[in-house]
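Here's a friendly walk through a structure you may not have met before. Have a look at it first, and then we'll go through some of its parts together.

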Amino acid sequence: MISSILAIDPMLDKGLLWTPLIIVLVKVVLVFVVGLVATMLMVWFERKVIAGMQNRVGPNKAGPWGLLQTLADGIKLFFKEDLLPERSDKFVFKLAPYMVLVPAFLTFAIIPLGGDFRDGKGGLVTLFGHQTRLQLADPPIGVLFALAISSIAIYGIMLAGWSSGSKYPLLGSVRASAQMVSYEASLGLSLGAVLLVSGTLSTAGIVDAQSSIGRWNLVATGFVPFFIFLVSATAELNRPPFDLVEAEQELVGGFNTEYSSIRFALFYLAEFMNTITMSALIVTLFFGGPQPISVGSVTLDIPLIPNAIEGTVWLILKVLVFLYMYVWFRATLPRFRYDQLMDLGWKIMIPASLGWFMLLAAQRVGREAGWDQIVVTLVTALVLIAGYALLQLAVHVSRANREKNGASF
Amino acid sequence: MELVVFVLAAAMVMSGALGVVIRPNPVHAAMSLILTLFGIAVLFVVHNAHFLAAVQVIVYAGAIVVLFLFVIMLLGVDRAEDMSIEPITGQRSLAVIVGGGVSAIVIAAVISSRTAIGALGKGVDATTGESPDANIRQLARAIFKDNVFAFELTSVLLLVAVIGTVLMARKSKTVGTGE
């Protein structure tokens, strides 16, 4: 009976292959649990580090060093009253938290979480006689999947603000969508530089190409795309200094003002989950992911641990650097003003990433055609400077025109 | 398996499309549109057009519908409309006749040219892909090498449309006085 049903698909004709199925199921559960536990620890980490920076103690009551604080907060939120505002759109209001949470987990699926990338093994490990990667999925579109998911994540925030049926959440969500759409452009363009250098979309392939510090995409793409990606990612995450979405002084609490109880907890969870995923993505794209740090042919090897697990250790260490940096941003940087945010996004980030992409592309074409690299770089730089001057002129003229018409901005 | 996925995706596309037309609230209609676009992305994946599926989600579901929602929210037209009022008399019945006629023509065209459609579908072959990126390589070769002139012309056309829209939408005082 079962075999006749399975025979619909020729792939399953000869009975199910149980081992790969079980491996995939275990991976799904593992990635989900790791994501949740990492988020829990991230909330604790952020509170503790900020407390340290502000000369406070921070959470220290629940569990050793306050480690279980997040769990306690979660349980508390579960038992709080679940309010449904009278003027809200009931269905969308209930749906929105899940539309934020699901994309947060989905991006985690394409990040290589470990594996042995040394000696041309390409990150493959053998589990129960099956060659597999320590990552949930390796779709042919690779990092484009992350871009697609990050553009989907906007809906949750947008609809949460709209469905609340209240002014401030709506303002927060309109701000959020404008900000996220603007910075997505520079995020994608700086990603283009990475794809140009590594020549593949697959995340495992991108990691595989970065075998030593000199070949890390950070160096290979010439630093600028990394900084653009970092700033755009911070804006995309709505984290300080770009947290205009929840600017308490202006918007009460932002898009999630009307949310309470477990629905609020889901937004909170998704926000921290996104921070971890984005840090892991930065590490994957620019810092060699699970590859050990090596200069030239000298590799820093952690003794006693097999190479496949060592990848995971390196990934965690590298991700922790970025998580600390995000917390540091939050503790030290004041919030951007809204027009400054938009100016930065449209007038600096997008032209800069586009220009740098053109420079890298010109150098590649020049290398293939055998032109002099210095001449190619100089000519491209001149073209870019001329283009930027034109852009500045256009901005200047338009501002002068507006001022003539009596506008004050 | 392919049949099951096709039926599910087609159901997604159709229910989304119906939702766009039937839902009285513009925001709900826009959400139905997202469902339709996702269904189409799934159909692309079934046919091994992974890159098109990704672009479908990034551009249409991720940017264009966001823009729709943005405009709906910003203009404050996000209230449910009364569907029983007919703005122009006879509009509904006329719409049914025209819609039925157009779909009849499309179906007739598809049926009569079944063999031609089968012969045309050999532009990008995903099954011979030597690597996961083969799909994108073939697509890039088609767009940026074989048809680069048409591609660039299309982008110029889009640019002209954008600049034209900005010029027309802008009601500057200086334009009126001929300054």
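What follows is a short tour of selected parts of chain A and chain B.

Keep in mind from the start that this is a predicted model.

**A helix in chain A**

Let's begin with helix α12 of chain A, which takes in residues 307-332. How far apart are the end C-alpha atoms of this helix? They are 38 Å apart, and that agrees with the 38 Å expected for 26 residues at 1.5 Å a residue. Plenty of α12(A) is tucked away: A:E310, A:G311, A:W314, A:L315, A:K318, A:V319, A:F322, A:L323, A:M325, A:Y326 and A:V327 are buried. An α-helix has 3.6 residues a turn, so residues three or four places apart point the same way. As for what does the covering, it includes α2 (18-53), α9 (224-236) and α11 (261-286) of chain A.

**A nonpolar patch**

Helix α2 of chain A is also home to A:V29. Is A:V29 buried or exposed? It counts as exposed, because its relative accessibility is 52% and the cut-off for exposed is over 50%. A:V29 helps make a nonpolar surface patch of about 470 Å², together with A:F32, A:V33, A:L36, A:V37 and A:L41.

**A buried loop residue**

Now for a loop: A:L244 sits between α9 and α10 (248-251) of chain A. With a relative accessibility of 2%, A:L244 counts as buried, because the cut-off is under 20%. Which residues touch A:L244, leaving aside its neighbours within four places in sequence? They are A:R175, A:Q179, A:L251, A:R335, A:F336, A:R337, A:Y338 and A:L341. One of these, A:R337, is 93 residues away from A:L244 along the chain, yet their C-alpha atoms are separated by 8.0 Å.

**Over to chain B**

Chain B has eight helices and zero strands. Of its 179 residues, 20% count as buried. Chain B exposes about 12,600 Å², with carbon and sulfur atoms supplying 74% of that area. Among contacts in chain B with a separation of 6 or more, 52% join residues 24 or more positions apart.

An unreviewed UniProt entry lists residues 29-46, 53-74, 94-112 and 148-169 of chain B under "transmembrane region". Here is how two of those spans look in the model:

| Span of chain B | Helix and strand | Distance between end C-alpha atoms |
|---|---|---|
| Residues 94-112 | 100% helix, 0% strand | 27 Å |
| Residues 148-169 | 100% helix, 0% strand | 32 Å |

Note on methods
Residues are numbered from 1 along each chain as its sequence is written. Chains are lettered from A and ligands numbered from 1 in the order in which they are written. This is a predicted model: local features need pLDDT of at least 70, side-chain atom pairs count only at pLDDT 80 or more; totals for chains, interfaces and linings use all residues. Side-chain values use heavy atoms; hydrogens and water are left out. Helices (H or I, at least four residues) and strands (E, at least two) are DSSP runs, numbered from the N terminus. The expected span of a helix is 1.5 Å times one less than its number of residues. Buried means under 20% relative accessible area, exposed over 50%, partly exposed in between (1.4 Å probe, protein chains only). Contact means heavy atoms within 4.5 Å. Patches are made of residues with over 30% relative accessible area and no salt bridge: like charges are joined within 9 Å, nonpolar side chains (Val, Leu, Ile, Met, Phe, Trp, Tyr) within 5 Å. Accessible areas come from the Shrake-Rupley method with a 1.4 Å probe; for residues, only the protein chains shown count as cover. A salt bridge is a side-chain nitrogen of Lys or Arg within 4 Å of a carboxyl oxygen of Asp or Glu. UniProt positions are given in the numbering used here, feature names are shortened, and annotations may be inferred rather than shown by experiment.
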